Amino acid sequence: MLFRSNAQAGGHFAKEGLEISVLPGKGSAVAVQQVIAGRATYGRGDPLAVVKAVAEGAPIVAFATVLHRSPIVVYSSPARPIRNARDMQGKVIGIAAKGSASDNILDLMFAGAGMPLDAARREAVGNSPGGWGLIQQGRIDAHIVSIGTTTSLQEAGEKILMWNTSDAVAMPGQAYFALRDTVAKEPDLLVKILRAEHESIREVKAGDGRMLVERMSKLWEIEGAKQVDFTVKAMRDEEALWWQEDRSRLLVNDPLSWQSMVEGMVKVGLIKSGKPEQFYTDEIVRKL
């Protein structure tokens, strides 16, 4: 949402001759359904959700990778540290919900470490900073959340031990996807969209964070926009997931991380079978 909002607020879409409307909705599954139904030209979402949908017959394909590392992280107390998947053996791990990205990624991490999928007990505790209280009470040992949650805790002065789930299993973090028919028949449109997004990313990296957040909040309801300093910090924390000093790698799909994720999903039974090239294409990004 960040790059898309800035691409609109900063005039990057307009420079490409595009008028973009953003549909409301929360979560990757909703975005996938909007694209399948033809209500949206393209969407942004969790590649796990995209792969699942394609494996079930959805006529969509990822055409660019926005985040090259997962936005899902694990945090615990330094007093009872959980530093990797093996440290979770026999522990209680907080996840957002059964079947959520955090639940699926935990499967992938256990499989990657050669551990059984029931190596830890899972508790559905949501994706809010409230999980920290459960850790302090000893009710859970670690919590798997989006990076924005840990930013909130750190900004509140809480001392937590945090690591990215991509440290345990390589996977793309967020992808842009569209109908296969759109990729085949309207490639120039998708190239223009990515060109605008590309310039938006570069502006976010180099620009004044406060100015960017305030400008975007005039057009969009940006979560946390009233707390500008925090929102800027959250924006900067996310940079580690997408920024490459080599600009030619922005938005480009990394075949190794896609292969790692797809093979892991097959191994744990999230999909029955599949090869990475069934789920993403380089046809659009190679034209940037």
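Reader: How do the axes of helix H5 and helix H12 cross?
Author: In this predicted model, the axes of H5 (residues 101–112) and H12 (residues 255–268) come within 9 Å and cross at roughly 90 degrees. Helices here are DSSP runs of H or I with at least four residues, strands are runs of E with at least two, and both are numbered from the N terminus. Axes are lines fitted to C-alpha atoms, for helices over the stretch in contact, with angles from 0 to 180 degrees between N-to-C directions.

Reader: So what does that make H5 and H12 to each other?
Author: Roughly perpendicular, therefore; that label covers 65 to 115 degrees.

Reader: Which residues meet there?
Author: Asp-107, Leu-108 and Ala-111 of H5 meet Gly-264, Met-265, Lys-267 and Val-268 of H12, where contact means heavy atoms within 4.5 Å.

Reader: Numbering and filters?
Author: Residues count from 1 along each chain as its sequence is written. Local features need pLDDT of at least 70, side-chain atom pairs 80 or more, while totals for chains, interfaces and linings use all residues, and side-chain values use heavy atoms, without hydrogens and water.

Reader: Now the sheet. What is the strand order?
Author: S5-S4-S6-S3-S7, an open sheet with mixed pairing; two strands pair if DSSP finds at least two bridges between them. The edges are S5 (121–124) and S7 (161–164), each pairing on one side only.

Reader: In which sense do S3 and S6 pair?
Author: Antiparallel, over four bridges, with S3 at residues 72–76 and S6 at 142–146. Val-73 has Val-145 in S6 as its bridge partner.

Reader: Which strands does H7 touch?
Author: H7 (residues 147–155) packs on the sheet and touches S3, S6 and S7. The direction of H7 makes about 110 degrees with that of S6.

Key:
Parallel < 35°, antiparallel > 145°, perpendicular 65-115°, else oblique.
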